[in-house]
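Biologist: Could you walk me through this model, starting with the terms you use?

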Protein chains: 4
Amino acid sequence: MGGSVFGTLFKVITFGESHGPGLGCVIDGCPAGLPLNAEDISRDLRRRRPGAGGASTSRAEEDEPEILSGVYEGRTLGTPIAVLVRNTGQRSADYDKLKDLYRPGHADWTWETKYGFRDHRGGGRSSARETLGRVAAGAVARVFLASRGIEIRAWTSSAAGIAAPRLFPVSEPQAADPAFDWDEIERNLLRMPGKAAAAKALEVLTEIAAQGDSAGCEVSCLVRNLPPGLGEPVFDKLDARIAGAMLSLGAAKGIEFGAGFAAALGRGSKLNDQPVPAGNRPPEWAAGLPPGVPAASWKSNNSGGVLGGLSTGQDLYFTVAFKPVPSIMKKQETINRRGEKEELAIQGRHDTCIAPRAVPVVEAMTALVLADLVLLDRCSRV
Amino acid sequence: MGGSVFGTLFKVITFGESHGPGLGCVIDGCPAGLPLNAEDISRDLRRRRPGAGGASTSRAEEDEPEILSGVYEGRTLGTPIAVLVRNTGQRSADYDKLKDLYRPGHADWTWETKYGFRDHRGGGRSSARETLGRVAAGAVARVFLASRGIEIRAWTSSAAGIAAPRLFPVSEPQAADPAFDWDEIERNLLRMPGKAAAAKALEVLTEIAAQGDSAGCEVSCLVRNLPPGLGEPVFDKLDARIAGAMLSLGAAKGIEFGAGFAAALGRGSKLNDQPVPAGNRPPEWAAGLPPGVPAASWKSNNSGGVLGGLSTGQDLYFTVAFKPVPSIMKKQETINRRGEKEELAIQGRHDTCIAPRAVPVVEAMTALVLADLVLLDRCSRV
Amino acid sequence: MGGSVFGTLFKVITFGESHGPGLGCVIDGCPAGLPLNAEDISRDLRRRRPGAGGASTSRAEEDEPEILSGVYEGRTLGTPIAVLVRNTGQRSADYDKLKDLYRPGHADWTWETKYGFRDHRGGGRSSARETLGRVAAGAVARVFLASRGIEIRAWTSSAAGIAAPRLFPVSEPQAADPAFDWDEIERNLLRMPGKAAAAKALEVLTEIAAQGDSAGCEVSCLVRNLPPGLGEPVFDKLDARIAGAMLSLGAAKGIEFGAGFAAALGRGSKLNDQPVPAGNRPPEWAAGLPPGVPAASWKSNNSGGVLGGLSTGQDLYFTVAFKPVPSIMKKQETINRRGEKEELAIQGRHDTCIAPRAVPVVEAMTALVLADLVLLDRCSRV
Amino acid sequence: MGGSVFGTLFKVITFGESHGPGLGCVIDGCPAGLPLNAEDISRDLRRRRPGAGGASTSRAEEDEPEILSGVYEGRTLGTPIAVLVRNTGQRSADYDKLKDLYRPGHADWTWETKYGFRDHRGGGRSSARETLGRVAAGAVARVFLASRGIEIRAWTSSAAGIAAPRLFPVSEPQAADPAFDWDEIERNLLRMPGKAAAAKALEVLTEIAAQGDSAGCEVSCLVRNLPPGLGEPVFDKLDARIAGAMLSLGAAKGIEFGAGFAAALGRGSKLNDQPVPAGNRPPEWAAGLPPGVPAASWKSNNSGGVLGGLSTGQDLYFTVAFKPVPSIMKKQETINRRGEKEELAIQGRHDTCIAPRAVPVVEAMTALVLADLVLLDRCSRV
């Protein structure tokens, strides 16, 4: 028990079921004096709302957050920040026929084996809607990180097998793609950093939706201006914490940092990122280095910005694999509450691919990890 | 700070530097009454020792554990179990010339940016030798899990790009390979489940070693007889905890569960594991299901044994990607403590590929996660 | 940071400022399947509301709780239980003149030294109103404990120096008072277990209030049907956890268990509680003892029901000392935000003595500790 | 489970049984760069060793600590600091006759109800010897605190009912006693701050020992140079954390801060500590106050240096009550493992009063709490 609390110092608890009265979060440990208002949170909540098009559900989720505590006169008090989003527009009746069935690829059955009991309406707390509390908390973490210049950007790197332009100049096997366009990400429905790829992927997804099927995707994330040394060896390393955070997302099936799985196939002489003198324009974080430690730059970033579990001062970079949305209209086999075989074709509003909505969630979880590690790092040295 | 403590109930702290007086662990939360002796721990420690052959270092590590507390008359007392392994045979002088250099691909520089200071001898606590405390603690966790019938097996699934026979019958893209041989794993130097693949990989590794280079690898892990419902939504899900544990290993660069990254390319209709009636011989765990919840079986295990972050009662299955060992004899660029460019060719005893030694470490970390989740699960229902 | 999270398994976070939008709690770790409704929570919230009479403030606090999550069809889901109480009827303007002053005996100045900033309205989160979230969470814990037969009762054992009849038969220095009347506790305004004492104390308090002054008090608490063995040595012992919980209450200045400070003056031969055979009617918990451990009874309970940090199976008994309410109408010296001397006479609605309102808060915190320890105890033995 | 871990950032785990191979601690979270050597730890360990005279046991405990990790070239590395003290000179056979008996006032029976099983030799982990790991860890915390000017001093304030001179100028009911002598504390066997009182108490204790009996005591503690604002509302307040730490000591039965239980009998107008301008020589901590917060002084320190759970910048002051040592030579009743009545007169080496040995333990636990709160406080403000 206790699985809904995240973090050591920037501590977050999320609460809420898909079709209950509301969802939200409480943050305990946000430092005092940070400028914060509801719009900071609304902005990210809007980004996780269903968009138009073939990719996302059309459920009207308004999701206006209310800050219940922890902020006074536009600044954080240092006390717990509670944020509430009321559930509205749920259609619980949609789920009545699922009450006695266990949906394939969903947590229905595993949940019951654990708790003996579940809120079947919309998946209860195993719903993707659960991420709303994470995004609200992550928005606060982002404000904190932004106050230190740290910037988090995620995007859809593949959807339904259609790859977006590739950003990262890993030395093998692939180089960066000039078609990668940061500005394009928030312009298209799939949050892909390339117009042509997005159009192609959307076309494929529309076809998949027409077949009553769904598709998987990958989301990549990059963090800029991260000072070196973040992470707490040996169990709370930067990559360990990010990996734990990402795999806590319902549909995540894998994660890789930097060269990732390709690194498992490579050689040390190619993969090692070799340090070089930092040059005439050292990064901003160089000013914060302990006495006697030189600034450094690197010839490559195969590590994805993490060495020995600590940030290197390069961009942090990782990619998360998400399985296809399990709710599909195609007929599937399952069992009912009596253990008997049944057939099931799920109706209703469901995303064909979660990529665009996963992007702000990946950003939010990244922010929660980093805010925690930034605070923990304050205690590294006497 | 506090990064050396792992787990909520089955809590472990590890300590020790590569060339300090000793390494070890303290386990707080192992239930009382478990039969345990030093040999239970020695067995796994021996498996992580360097073997012969091209793959592993030849440092003579004796690594005999001493149980300092928590066990009386062969049974655990319910009090902290401290285990100490003395360091012997370290040759600190080997590292003298590295004192003022930052090795590429190592944590030397990032460590100094965090702590201002490091024990340069053998990497100090960023050494792979740090995993010794994990393996000792994991051995205790395995005894606890074994007492409940839970069995953990890991193996090298690829080394230097040579793939071992593939175990897992994911519905796409690949089926299980009949050449997969459980008994072979502990027979060959690489811990590969196939004699021919192991021979081939060893050949390639020998060549790589001759070039002064190193290679990456993948380690897969399977857990049998895991009852369903283990995992604590939403942040301490089974896969989240496993991912966090694996990425806390120094060289790990990625992890995937079940179909993993392949799932990101697939369709829901293919990837969803469809439940079917459990049949005449339900698994043992069926007896522990809450009233009203039917036993279930599945047509596939693309999920890798985890749905909604909870174990499904199927085998848990995942694969971890490890980068090549960063210590190579080939000449590399780096900087020194004054920020000046230097060249470096690392001498001394170093593994060419960590695969065989990573296998018991992956098992140990899996055991630590599962022991914790088994205990946490005792509190799920009134 | 992170000071608003309490407990390991039955984990509670409270949030809210006195004059913000609302207060409440989130409980993460309440087992699934517990019958629970809003009235279970309202009941205890009503008991902490200001009563009539000289002892308590007359602020109209309605404090109706709303359960936002974690309960479905009248039973707990095993997911976080969020409870919200809206603030209504606050008169923030009452506090305007206190904005630049630091009230003696209050946290105004210390709070600013920590956070650099405070919500001065009603003390913000250092207000006694903060206990509302604790009482809401404690009410849920009580339902859980009641389902196991565990019963918690607190009462005012002294107010303004007037002692209530004494319950506990400690062998020295005092015996139980036959005037102690359980039924009287909830009948009088002071929650004293004796009508005459309550009348006398109320008389004294009325006089003190007329002088613009305030008074301290003691609250005692007794827990029945607690099975033996609760507590987690060595730092989370039953008494350690209770003491930490009680001293986290704003005005608490001390706690003692059983014979308490009197024990420091006594002899071992008098204070040791000597075990005796349990007799023909062993307590209910005897059925849960591990094999080979005999049931026991005792000739006295000077320990207050805790030995070696573990419950003994006798009644748990302790007393908490509370300082006088610091808000008084009498003129006091203080300083203002510029560090200059000022005089201050606090107007407005303030309790003369917190005893009656402290009673349900002491019960709530006791319940939170015990619910956590009951769950933790499930993992003591293989 | 998990009860042997203490602290959030300056995290300590202790291990070891009285008659096992050894005891010790691991500290995870001590900042890097702190000068530390074994003698820093030995010094406090020697102070908790049995002295001569009537008050303490004569068991020869050498208790030389070995630092196993976390320190390199005389400075802390930022990695876990493990300290081991071997058990030597235990006479396990002394305890053979106690194997089947439950000693009155000891944890023998409660321990068995929890764990089903115990190490009966010397009380196992419920022995006072368990505090050795605490003192070792506390010694490290003291070095950290001393580097910031924070100084902790404890002393015996009463033993066997004989009160030492009283230090603290609480406004009621008692003033400071001019006989209080800091230098005397470490000079006499009882660690009392007054020669005459110590002599008198020792005389009484000798008589009590001759009767085969034992006596209780009180230990007071004062912390100087504590900056204001330490403590984490609402559950990890300074006094809450100290109270939890003190009541985790085996024989502790109560604690009070500042005026303590006397405050429960007093009036607000007398007990409120009134702030006054800090004067021409503000304390050192005044330099660290946030902008706009004035330095303050107070007319009294009835609070014991804590307001709203935060340090006030005045001396922190509290007193702990300890019950008499339960092991006495006088005949007592008890039961055996079969639940039958037995008589028992405990032989062997036992303290008559734990006061002098409790003093360094109280200091150690205070240091552990404060080191943790000092680190946590680094995260209070943006």
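Modeller: Gladly! Helices (H or I, at least four residues) and strands (E, at least two) are DSSP runs, numbered from the N terminus. This is a predicted model, where local features need pLDDT of at least 70, side-chain atom pairs count only at pLDDT 80 or more, and totals for chains, interfaces and linings use all residues. Residues are numbered from 1 along each chain as its sequence is written, while chains are lettered from A and ligands numbered from 1 in the order in which they are written.

Biologist: Between which two elements of chain D does the loop with D:Ile346 lie?

Modeller: D:Ile346 belongs to a loop of chain D. The elements on either side of that loop are β18 (341-344) and α7 (355-377).

Biologist: Is D:Ile346 buried or exposed?

Modeller: A residue is buried if 20 or more other C-beta atoms, placed from the backbone, lie within 10 Å of its own, exposed if 12 or fewer, and partly exposed in between. Around D:Ile346 there are 22 other C-beta atoms within 10 Å, so D:Ile346 is buried.

Biologist: Which residues does D:Ile346 touch, leaving out those up to four places away in sequence?

Modeller: Contact here means that two C-beta atoms, placed from the backbone, lie within 7 Å. With that cut-off, D:Ile346 touches D:Arg103, D:Ser327, D:Ile328 and D:Met329.

Biologist: What kind of axis relates chain B to chain A?

Modeller: Copies are superposed by least squares on the C-alpha atoms of residues with pLDDT of at least 70 in both. Chain B can be laid on chain A with an RMSD of 0.0 Å by a turn of 180° and a shift of 0.0 Å along the axis. That makes the relation one of a two-fold axis.

Biologist: Which helix gives the most to the side of chain B that touches chain A?

Modeller: In this interface, 107 residues of chain B are in contact with 107 residues of chain A. The helix that gives the most to chain B's side, with 7 residues, is α2 (residues 108-115).

Biologist: Which residue of chain B stands opposite A:Ile255?

Modeller: Two strands pair if DSSP finds at least two bridges between them. Strand β11 (residues 252-257) of chain A and strand β11 (residues 252-257) of chain B pair in the antiparallel sense over 3 bridges. Opposite A:Ile255, in β11(B), stands B:Ile255.
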